[in-house]
Amino acid sequence: QLVESGGGLVQPGGSLRLSCAASGFSLDHYAIGWFRQAPGKEREGVSCVNSGGGLKNTADSVKGRFTISRDDAQNRVYLEMSSLKPEDTATYYCAADLAPLCSVGSVWLMQDEYDYWGQGTQVTVSS
């Protein structure tokens, strides 16, 4: 089971750190992806990190503002979000898979490939 936390209401230009924690298994062998879904829109990929943390991908829409990291000792993956914009408003999900999805091109965007999903955490960017 994956559990996201850290969402909330933030003003434009603000920052948040989302956390993805695993219950019942260790994340260290898993590729982790962060996705988001805004109201009325399809879920889209935000960022991913492979097992070991050496390879990452980030969507162009958040590049330079969002940073993914992992702390395997804490069994968590983080998404640091800064310079938030109203269009970042969405429910954010983390997902995990044993395959090295983050290592090969745009495979990490293929949501059906992920075995585990969290329930999501809401991020609202508004003044």
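**Exercise 1. Classify S83 by solvent exposure and describe its backbone in this predicted model.**

*Solution.* S83 has a relative accessible area of 40% and is therefore partly exposed. The classes are buried under 20% relative accessible area, exposed over 50% and partly exposed in between, with a 1.4 Å probe and protein chains only. Accessible areas come from the Shrake-Rupley method with a 1.4 Å probe, and for residues only the protein chains shown count as cover. Next, locate the residue: S83 sits in the loop between β8 and β9. Strands here are DSSP runs (E, at least two residues), as helices are (H or I, at least four), numbered from the N terminus. Finally, the phi of S83 is near 50°, a positive value in a residue other than glycine. Most residues other than glycine have a negative phi.

The model is predicted, so local features need pLDDT of at least 70 and side-chain atom pairs count only at pLDDT 80 or more, whereas totals for chains, interfaces and linings use all residues. Residues are numbered from 1 along each chain as its sequence is written, and side-chain values use heavy atoms, with hydrogens and water left out.

**Exercise 2. Determine whether N75 is buried or exposed, and state its phi.**

*Solution.* N75 lies in the loop between β7 and β8. Its relative accessibility is 17%, so N75 counts as buried. The phi of N75 is positive, about 60°, although N75 is not a glycine.

**Exercise 3. Describe the pairing of β4 and its burial.**

*Solution.* Two strands pair if DSSP finds at least two bridges between them.

1. β4 pairs with β9 in the antiparallel sense over seven bridges; W34 stands opposite C94 in β9.
2. β4 also pairs with β5, again antiparallel, over five bridges; the bridge partner of G33 is C48 in β5.
3. β4 and β5 form a hairpin with six residues between them, and G40 in the turn has a positive phi of about 75°.
4. Six of the seven residues of β4 are buried, so the strand is largely enclosed by the rest of the structure.

**Exercise 4. Give the strand order of the open sheet of four strands and identify its edges.**

*Solution.* The order is β1-β3-β8-β7, with antiparallel pairing. β1 (2-5) and β7 are the edge strands, each pairing on one side only. From one strand to the next, the twist averages 15°, where axes are lines fitted to C-alpha atoms (for helices over the stretch in contact) and angles run from 0 to 180 degrees between N-to-C directions. β1 and β3 pair over four bridges, and V3 stands opposite A21 in β3.

**Exercise 5. Identify the residues that touch the most other members of the largest nonpolar core, and the strands that supply it.**

*Solution.* A nonpolar core is a set of buried Ala, Val, Leu, Ile, Met, Phe, Trp, Tyr and Cys residues joined through side-chain atoms within 4.5 Å. The largest has 28 residues, of which W34, L79, M81 and Y92 touch the most other members. At least two residues each come from β3 (16-22), β4 (31-37), β5 (44-49), β7 (66-71), β8 (76-81), β9 (90-97) and β11 (121-125). Another core, of seven residues, lies apart from it and includes F35, C102, W108 and Y114. A contact means heavy atoms within 4.5 Å; not counting residues up to four places away in sequence, M81 touches, among others, L16, F66, Y92 and V123.
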